[in-house]
Amino acid sequence: MNETLNVIHNRRSIRSYTPEPITDDELHEIIQAGIYAPSARNSQDWHFSVVRDAAVLGKLKEIMKENMLNSGVEFLTKRASEPGFVAFFDAPMLILLSADEKERFAAIDCGAAAENIALAAESLHIGTCLMTSSELLFARDADGKLKKSLGIPDGYRHVCALTVGHKDGEQPAPAPRKENLVNTI
Ligand SMILES: Cc1cc2nc3c(=O)[nH]c(=O)nc-3n(C[C@H](O)[C@H](O)[C@H](O)COP(=O)(O)O)c2cc1C
């Protein structure tokens, strides 16, 4: 297997991180990988909000926990009630992907960018977890203040997030893959 295929196969969703920060060079490389993803009509109507300031990140983890507790979704409430629970797996960095509300293919564009970020990070031995439950962050943001404070442009909506950090512990084994998903004609 070549190096690219190795990285694709080794990438796992990482849910346990060390506090070691991501360097500026590492951040630059992984964000560039996101920016170089394909987008429908080459619209590039996406935005990457990188949060690594400890105080801001701490506040987001608190908001997320609070919103999980009040979500009315049993498994989220249960998880957030666990002793020592910290949202976003207590990662030292969070990348929030948002896209123009008018872009029909926003989810696909951001999904491609997010996977590029995850693969670039893996190539640097950095762990990530792609999340859409991050939308809960904005569950009580009707006035858009939180979005604005995170630099999400007007008219953009949150699509997904990636937790980013150095892996703490063993690489998880890949989940079994379903069979009979492909036909070739
Ligand atoms: C669109 C999407 C949304 C996801 N949302 C979450 C999430 O909210 N929380 C989480 O822990 N993992 C989330 N994941 C990660 C999946 O659980 C994970 O990719 C899957 O279990 C396969 O494991 P692997 O990534 O290690 O191969 C998401 C993945 C995708 C593609």
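Two strands are said to pair if DSSP finds at least two bridges between them, and with that in mind one can read the statement that Val-51 stands opposite Leu-94 in E2. The model in which this is seen is a predicted one, and the walk that follows begins with its sheet before turning to the helices.

Val-51 belongs to strand E1, which covers residues 46-51, and E1 pairs with E2 in the antiparallel sense over six bridges. Strands of a sheet pair through backbone hydrogen bonds, either parallel or antiparallel. In this model four strands form an open sheet, arranged in the order E1-E2-E4-E3, with antiparallel pairing. E1 and E3 are the edge strands, each of them pairing on one side only, and neighbouring strands of the sheet are turned against each other by 25° on average when direction is ignored.

Moving inward from E1, one comes to strand E2, residues 93-100, which is joined to E4 by eight bridges, again in the antiparallel sense; within E4, Val-164 is the residue that stands opposite Met-93. On its other side E4 pairs with strand E3, residues 126-131, in the antiparallel sense over six bridges, and here Leu-130 has Leu-162 of E4 as its bridge partner. E4 itself, spanning residues 156-166, is mostly covered, since ten of its eleven residues are buried, where buried stands for a relative accessible area under 20%.

The helix to consider next is H5, which lies across E1, E2, E3 and E4 and runs at about 10° to E4. H5, made up of residues 106-123, also packs with helix H1, residues 3-10, at an angle of about 105°, the two axes being 9 Å apart. Because angles of 65 to 115 degrees count as roughly perpendicular, H1 is described as roughly perpendicular to H5. At this contact Val-7, Ile-8 and Asn-10 of H1 meet Leu-119, Glu-122 and Ser-123 of H5, and the residues concerned divide into three nonpolar, two polar and one charged.

Finally, the UniProt record, an unreviewed entry, places the feature "domain: Nitroreductase" at residues 8-166. Over residues 8-166 the chain of the model is 39% helix and 19% strand, and the C-alpha atoms at the two ends are 18 Å apart.

How values were computed: Residues are numbered from 1 along each chain as its sequence is written. This is a predicted model: local features need pLDDT of at least 70, side-chain atom pairs count only at pLDDT 80 or more; totals for chains, interfaces and linings use all residues. Side-chain values use heavy atoms; hydrogens and water are left out. UniProt positions are given in the numbering used here, feature names are shortened, and annotations may be inferred rather than shown by experiment. Buried means under 20% relative accessible area, exposed over 50%, partly exposed in between (1.4 Å probe, protein chains only). Axes are lines fitted to C-alpha atoms, for helices over the stretch in contact, and angles run from 0 to 180 degrees between N-to-C directions. Angles under 35 degrees count as roughly parallel, over 145 as roughly antiparallel, 65 to 115 as roughly perpendicular and the rest as oblique. Contact means heavy atoms within 4.5 Å. Ala, Val, Leu, Ile, Met, Phe, Trp, Tyr, Cys and Pro count as nonpolar, Asp, Glu, Lys and Arg as charged, and the others, Gly among them, as polar.
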